[in-house]
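Colleague: I'm new to this one, so could you walk me through it?
Modeller: Gladly! Have a look first, and then ask away.

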Amino acid sequence: MNFSDSFFNKVEKKTKVGKDTILRLASKLQETDLKNEGTIRDIIQELGALTGKEVSKEKADKIVEAVVNDKVPKNLDKMI
């Protein structure tokens, strides 16, 4: 999946997380078992820390359920 600089600029503007950090995290995600609930929760906490946002248990539960059940949109550019 190729992302344009405009995609990274949109993400950085909304999250204050730079392209290098995003690419490092994406690389880590490619090596991760995204069916493992504990792993997903660790990633959620890491993203929360990177963006300075606290993720409630309820929101984390919904994210875990979506990831484990393959309910995450494939076109991320439309989400930004």
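Modeller: A word on terms before we start: helices (H or I, at least four residues) and strands (E, at least two) are DSSP runs, numbered from the N terminus. Please keep in mind that this is a predicted model.

Colleague: Thanks! Which pattern does the protein follow when read along the sequence?
Modeller: Its secondary structure comes to 4 helices and 0 strands. Reading along the sequence, you therefore meet the pattern α-α-α-α.

Colleague: How compact is the protein for its length?
Modeller: The C-alpha atoms fill a box of roughly 30 × 25 × 20 Å along the principal axes. The globule rule gives 12 Å for 80 residues, and the radius of gyration is close to that at 13 Å. So the protein is as compact as a globular protein of that length.

Colleague: Are α3 and α4 parallel, antiparallel, perpendicular or oblique to each other?
Modeller: Helix α3 covers residues 37-51 and helix α4 residues 57-68; their axes come within 10 Å and cross at roughly 125°. Angles of 65 to 115 degrees count as roughly perpendicular and those over 145 as roughly antiparallel. That crossing angle therefore makes α3 to α4 oblique.

Colleague: How many nonpolar residues are in the contact of α3 with α4?
Modeller: From α3 come Glu37, Ile40, Arg41 and Ile44, while α4 brings Ala60, Asp61, Ile63, Val64, Val67 and Val68. Of these contact residues, 3 are charged and none polar, and the nonpolar ones number 7.

Definitions and conventions:
Residues are numbered from 1 along each chain as its sequence is written. This is a predicted model: local features need pLDDT of at least 70, side-chain atom pairs count only at pLDDT 80 or more; totals for chains, interfaces and linings use all residues. Side-chain values use heavy atoms; hydrogens and water are left out. Axes are lines fitted to C-alpha atoms, for helices over the stretch in contact, and angles run from 0 to 180 degrees between N-to-C directions. Angles under 35 degrees count as roughly parallel, over 145 as roughly antiparallel, 65 to 115 as roughly perpendicular and the rest as oblique. Contact means heavy atoms within 4.5 Å. Ala, Val, Leu, Ile, Met, Phe, Trp, Tyr, Cys and Pro count as nonpolar, Asp, Glu, Lys and Arg as charged, and the others, Gly among them, as polar. The radius of gyration is taken over C-alpha atoms; the globule rule is 2.2 Å times the number of residues to the power 0.38.
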